[in-house]
Amino acid sequence: MNVEEADSTPLCRLCQKPGSLCESHILPNLAYKETIDPSGHPRMIVVSAVAGNPAVDKSKQTGFTEALLCKTCEGVFSRWETYAANKLWNFPLPAPIQNQITLCDLDYPKFKLFLLSLIWSEHFA
(Lines give C-alpha, C1' and ligand atoms only; values in the text may rest on other atoms or scores of the structure.)
Protein backbone atom coordinates (compact mmCIF):
# COMPACT_ATOMS: atom_id res chain seq x y z
CA MET A 1 0.00 0.00 0.00
CA ASN A 2 1.47 3.34 -0.98
CA VAL A 3 1.21 6.57 1.04
CA GLU A 4 -1.72 7.94 -1.00
CA GLU A 5 -3.77 4.77 -0.48
CA ALA A 6 -3.03 4.77 3.27
CA ASP A 7 -4.23 8.38 3.56
CA SER A 8 -7.57 7.56 1.89
CA THR A 9 -8.32 4.39 3.89
CA PRO A 10 -11.04 5.17 6.44
CA LEU A 11 -10.24 4.72 10.13
CA CYS A 12 -12.53 3.01 12.61
CA ARG A 13 -13.75 5.78 14.91
CA LEU A 14 -13.23 3.58 17.98
CA CYS A 15 -10.00 1.60 17.50
CA GLN A 16 -8.53 4.02 14.93
CA LYS A 17 -7.34 1.14 12.69
CA PRO A 18 -7.68 1.54 8.90
CA GLY A 19 -10.03 -0.73 7.00
CA SER A 20 -13.53 -1.31 5.75
CA LEU A 21 -16.20 0.29 7.93
CA CYS A 22 -19.69 -1.01 8.72
CA GLU A 23 -22.82 1.10 8.43
CA SER A 24 -23.14 1.52 12.19
CA HIS A 25 -26.40 2.61 13.78
CA ILE A 26 -26.18 6.00 15.44
CA LEU A 27 -28.70 4.74 17.98
CA PRO A 28 -29.49 1.03 18.27
CA ASN A 29 -32.68 -0.26 16.67
CA LEU A 30 -34.34 -0.57 20.07
CA ALA A 31 -34.54 3.25 20.12
CA TYR A 32 -36.80 3.09 17.05
CA LYS A 33 -39.10 0.27 18.18
CA GLU A 34 -42.19 2.47 18.23
CA THR A 35 -41.40 4.17 14.90
CA ILE A 36 -40.96 1.07 12.74
CA ASP A 37 -43.98 0.18 10.63
CA PRO A 38 -44.16 -3.64 10.88
CA SER A 39 -46.79 -4.05 8.12
CA GLY A 40 -45.34 -5.70 5.07
CA HIS A 41 -41.64 -4.98 4.85
CA PRO A 42 -40.60 -3.04 7.97
CA ARG A 43 -39.62 0.53 7.27
CA MET A 44 -39.02 3.38 9.61
CA ILE A 45 -41.49 6.21 9.20
CA VAL A 46 -39.65 9.53 9.13
CA VAL A 47 -41.85 12.58 9.35
CA SER A 48 -40.43 16.04 8.79
CA ALA A 49 -41.87 19.45 8.07
CA VAL A 50 -40.78 21.06 4.81
CA ALA A 51 -42.03 24.64 4.45
CA GLY A 52 -44.80 23.86 6.95
CA ASN A 53 -45.98 20.74 5.09
CA PRO A 54 -45.41 17.38 6.77
CA ALA A 55 -43.52 14.90 4.59
CA VAL A 56 -43.46 11.16 5.26
CA ASP A 57 -40.46 9.11 4.16
CA LYS A 58 -40.75 5.32 4.40
CA SER A 59 -37.43 4.60 2.66
CA LYS A 60 -35.52 3.79 5.85
CA GLN A 61 -35.28 0.12 6.83
CA THR A 62 -34.08 0.93 10.34
CA GLY A 63 -32.57 3.81 12.25
CA PHE A 64 -29.97 6.18 10.91
CA THR A 65 -26.52 4.80 10.13
CA GLU A 66 -23.06 6.09 9.35
CA ALA A 67 -19.79 4.41 8.33
CA LEU A 68 -18.14 4.54 11.77
CA LEU A 69 -16.86 1.21 13.05
CA CYS A 70 -14.84 -1.75 11.81
CA LYS A 71 -16.49 -5.17 12.03
CA THR A 72 -14.67 -6.02 15.28
CA CYS A 73 -15.73 -2.85 17.10
CA GLU A 74 -19.26 -3.11 15.70
CA GLY A 75 -19.43 -6.60 17.21
CA VAL A 76 -18.43 -5.30 20.64
CA PHE A 77 -21.16 -2.66 20.62
CA SER A 78 -23.65 -5.14 19.18
CA ARG A 79 -23.15 -7.47 22.15
CA TRP A 80 -24.12 -4.72 24.62
CA GLU A 81 -27.03 -3.51 22.46
CA THR A 82 -28.41 -7.05 22.21
CA TYR A 83 -28.26 -7.44 25.98
CA ALA A 84 -30.06 -4.13 26.56
CA ALA A 85 -32.66 -4.79 23.85
CA ASN A 86 -33.51 -8.18 25.32
CA LYS A 87 -33.88 -6.65 28.77
CA LEU A 88 -35.71 -3.44 27.83
CA TRP A 89 -38.09 -4.80 25.18
CA ASN A 90 -39.24 -7.61 27.45
CA PHE A 91 -39.02 -5.74 30.72
CA PRO A 92 -42.33 -5.05 32.50
CA LEU A 93 -41.97 -1.41 33.47
CA PRO A 94 -43.26 -0.66 36.95
CA ALA A 95 -45.33 2.41 37.67
CA PRO A 96 -43.08 5.43 38.24
CA ILE A 97 -42.61 6.49 41.83
CA GLN A 98 -41.83 10.21 42.05
CA ASN A 99 -40.81 10.31 38.35
CA GLN A 100 -38.34 7.44 38.87
CA ILE A 101 -38.35 3.91 37.52
CA THR A 102 -36.14 1.27 39.11
CA LEU A 103 -34.95 -1.54 36.88
CA CYS A 104 -33.97 -4.73 38.69
CA ASP A 105 -32.19 -7.91 37.65
CA LEU A 106 -29.86 -6.17 35.19
CA ASP A 107 -26.21 -7.02 34.75
CA TYR A 108 -24.97 -3.55 35.72
CA PRO A 109 -21.56 -3.70 33.94
CA LYS A 110 -23.20 -4.79 30.65
CA PHE A 111 -25.99 -2.23 30.91
CA LYS A 112 -23.52 0.52 31.81
CA LEU A 113 -21.41 -0.33 28.74
CA PHE A 114 -24.57 -0.19 26.61
CA LEU A 115 -25.38 3.28 27.95
CA LEU A 116 -21.82 4.46 27.39
CA SER A 117 -21.97 3.09 23.84
CA LEU A 118 -24.76 5.57 23.13
CA ILE A 119 -22.60 8.57 23.94
CA TRP A 120 -19.08 7.49 22.94
CA SER A 121 -19.27 8.98 19.44
CA GLU A 122 -20.05 12.45 20.79
CA HIS A 123 -16.32 12.70 21.48
CA PHE A 124 -15.59 12.12 17.77
CA ALA A 125 -18.24 14.44 16.31
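Here are a few exercises on a predicted model of a protein chain, each with a worked solution.

**Exercise 1. Sketch the fold**

Work out how many helices and strands the protein chain has, and in which pattern they follow along the sequence.

*Solution.* Start by counting: there are 3 helices and 5 strands. Next, read along the sequence, and you get α-β-β-β-β-β-α-α. Now look at the contacts between residues at least 6 apart in sequence: 56% of them join residues at least 24 apart. To finish the overview, turn to the surface. The chain exposes about 9100 Å², with carbon and sulfur atoms supplying 58% of that area. Of its 125 residues, 19% are buried.

**Exercise 2. Find the aromatic pairs**

Find the aromatic pairs, and say how many there are.

*Solution.* The count comes to 2. Take Phe 77 and Trp 80 to begin with: their ring centres sit 5.7 Å apart, with 35° between the planes. Stacked would need planes under 30 degrees apart and edge-to-face over 60, so this pair goes down as tilted. Where are these two residues? Both belong to helix 2, residues 71-89, and they are 3 residues apart, about one turn of the helix. Both are buried, too.

Then there's Phe 111 with Phe 114, another tilted pair, at 5.9 Å centre to centre and 40° between the planes. These two lie in helix 3, residues 108-119, again with a spacing of 3 residues, about one turn of the helix.

**Exercise 3. Buried or exposed?**

Decide whether Phe 111 and Phe 114 count as buried or exposed.

*Solution.* The cut-off for buried is under 20% relative accessible area. Phe 111 has a relative accessibility of 13%, so it counts as buried. Phe 114 is at 3%, so Phe 114 counts as buried as well.

**Exercise 4. Explore the cavity**

Find out how many cavities of 30 Å³ or more there are, then describe the lining of the largest cavity.

*Solution.* Step one is the count, which gives 1 cavity of 30 Å³ or more. Step two is the volume: about 130 Å³ of space lies in the largest cavity. Step three is the lining, made up of 13 residues, with His 25, Ile 26, Phe 77, Ser 117 and Trp 120 closest to the centre. You've already met Phe 77 as the ring partner of Trp 80.

Step four is to sort the lining by element. Strand 1 (22-25), strand 5 (65-69), helix 2 and helix 3 each give two or more residues, and helix 2 provides the largest share, with 3 residues. Last comes class: 7 of the lining residues are nonpolar, 4 are polar and 2 are charged.

Notes: Residues numbered from 1 in each chain as written. Predicted model: local features only at pLDDT ≥ 70, side-chain atom pairs only at ≥ 80, totals over all residues. Heavy atoms only, no water. Helix = DSSP H or I, 4+ residues; strand = E, 2+ residues; numbered from the N terminus. Buried < 20%, exposed > 50% of the residue type's maximum accessible area, 1.4 Å probe, protein only. Contact = heavy atoms within 4.5 Å. Areas by Shrake-Rupley, 256 points an atom, 1.4 Å probe, with all protein chains shown as cover. Phe/Tyr/Trp six-rings, centres within 6.5 Å; stacked < 30°, edge-to-face > 60°. 1 Å grid on protein atoms, 1.4 Å probe; cavity = no way out; pocket = protein on both sides within 12 Å on 5 of 7 lines; lining within 4 Å. Points joined across faces, edges and corners; volume = space filled by probe spheres on them. Nonpolar A, V, L, I, M, F, W, Y, C, P; charged D, E, K, R; others polar.
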